[in-house]
Amino acid sequence: MNMDTFALAVLVLCVGALGLAVVYEASRLTTTGSRKALLRRKLEAQAADLADLGRRIEIAQAESASRQEALDRLTAERGRLTGLIASVKASKIALVHEIGDAQSGAQRYESELRTVPDFARLDPRRMLFARAIWDRRNIARVWADTPDAAAAMLQRAFSARNGVLSSRPETIPLIPAGNGANDSARPGSL
């Protein structure tokens, strides 16, 4: 009987060990399955985030391309306008206001005329000329003996009170008549 008891005890121990191994393996498989499910959810969340990020990148690239196209258009327009401004400045279209007597033998001076900063608010009764002429380039051609006399004549003819500012008169050498270099516009005498 000893042997039967011993064999039975060994069998019970083996069955118990097998049961423990099965329980251990089942718990390990359950834990592994839980981890796999958790990792799968994390992976799916990261895949969704990656897809969302990809969509945002595409939208940002489309906006960037659109903005670059607008910037290119504006740059081209700026270049066109800069060229147009330069050509307008270079053009000889100007209104020339003559002050003094050209036949007196006096020296010729020229001064750029421009409007005061608050010209738009100026009372029209104080203006010397219509507002429209100030959209063009205006030059004062002064015939005087000295630069100071030319500046005084400019101040009497065009003052800030009337909405006009003049640059410092510059001496302009006389060009012989007949070549038309200074006949770019008809002068309006004062």
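A residue is called buried when its relative accessible area is under 20%, exposed when that area is over 50%, and partly exposed in between, with a 1.4 Å probe and protein chains only. The model is predicted, so local features need pLDDT of at least 70 and side-chain atom pairs count only at pLDDT 80 or more, while totals for chains, interfaces and linings use all residues. Residues are numbered from 1 along each chain as its sequence is written, and side-chain values use heavy atoms, with hydrogens and water left out.

**Exercise 1. Describe the overall fold and the exposure of the protein.**

Solution. Begin with the secondary structure, where helices (H or I, at least four residues) and strands (E, at least two) are DSSP runs numbered from the N terminus. The protein has two helices and six strands, and from the N terminus on these elements follow the order α-β-β-β-α-β-β-β. Turn next to burial: of the 190 residues, 17% count as buried. The exposed surface, computed by the Shrake-Rupley method with a 1.4 Å probe, where for residues only the protein chains shown count as cover, comes to about 14500 Å², and carbon and sulfur atoms supply 60% of it. Finally, consider contacts, meaning heavy atoms within 4.5 Å: among those in the protein with a separation of 6 or more, 82% join residues 24 or more positions apart.

**Exercise 2. Locate the largest nonpolar core and say which elements build it.**

Solution. A nonpolar core is a set of buried Ala, Val, Leu, Ile, Met, Phe, Trp, Tyr and Cys residues joined through side-chain atoms within 4.5 Å. The largest such core has 13 residues, and those with the most contacts inside it are Ile99, Leu113, Ala140, Val142, Ala144, Leu154 and Phe158. Two or more residues each come from β2 (107-115), β3 (137-144) and α2 (147-157), with α2 giving the largest share, four residues. As a next step, follow individual members: Leu154, leaving aside its neighbours within four places in sequence, touches Ile99, Ser111, Leu113, Ala140, Val142, Ser166, Ser167 and Pro169. Ile99 itself belongs to strand β1 (residues 94-99), and it counts as buried because its relative accessibility is 7%.

**Exercise 3. Classify the residues of two salt bridges within helix α1.**

Solution. Side chains of opposite charge can pair when their charged atoms come close. Here a salt bridge is a side-chain nitrogen of Lys or Arg within 4 Å of a carboxyl oxygen of Asp or Glu, and the structure holds ten of them. The first pair to examine is Asp52 with Arg55, whose closest N and O atoms are 3.6 Å apart; both residues lie in helix α1, three residues apart, which is about one turn of the helix. Asp52 is partly exposed, since its relative accessible area is 31%, and Arg55 is likewise partly exposed, since its relative accessible area is 47%. The other pair is Arg73 with Glu69, where the closest N and O atoms are 3.3 Å apart. These two also lie in helix α1, four residues apart, about one turn of the helix, and both Arg73 and Glu69 are exposed.

**Exercise 4. Examine how charged residues outside helix α1 are connected.**

Solution. Asp148 forms a salt bridge with Arg168, with 4.0 Å between the closest N and O atoms. Because Asp148 lies in helix α2 and Arg168 in the loop between β4 (164-166) and β5 (170-171), the pair ties together parts that are 20 residues apart in sequence. Asp148 counts as exposed because its relative accessibility is 55%, and Arg168 counts as exposed at 55% relative accessibility. Salt bridges that share partners also join Glu98, Arg108, Glu110 and Arg141 into one network. Within that network, Arg141 is located in strand β3 and counts as buried, because its relative accessibility is 10%. The side chains of Arg141 and Glu110 make a polar contact at 3.3 Å, the term denoting a pair of N or O atoms within 3.5 Å, of which, within protein, one must be able to donate a hydrogen and the other to accept it, residues adjacent in sequence counting only if both atoms are side-chain atoms.
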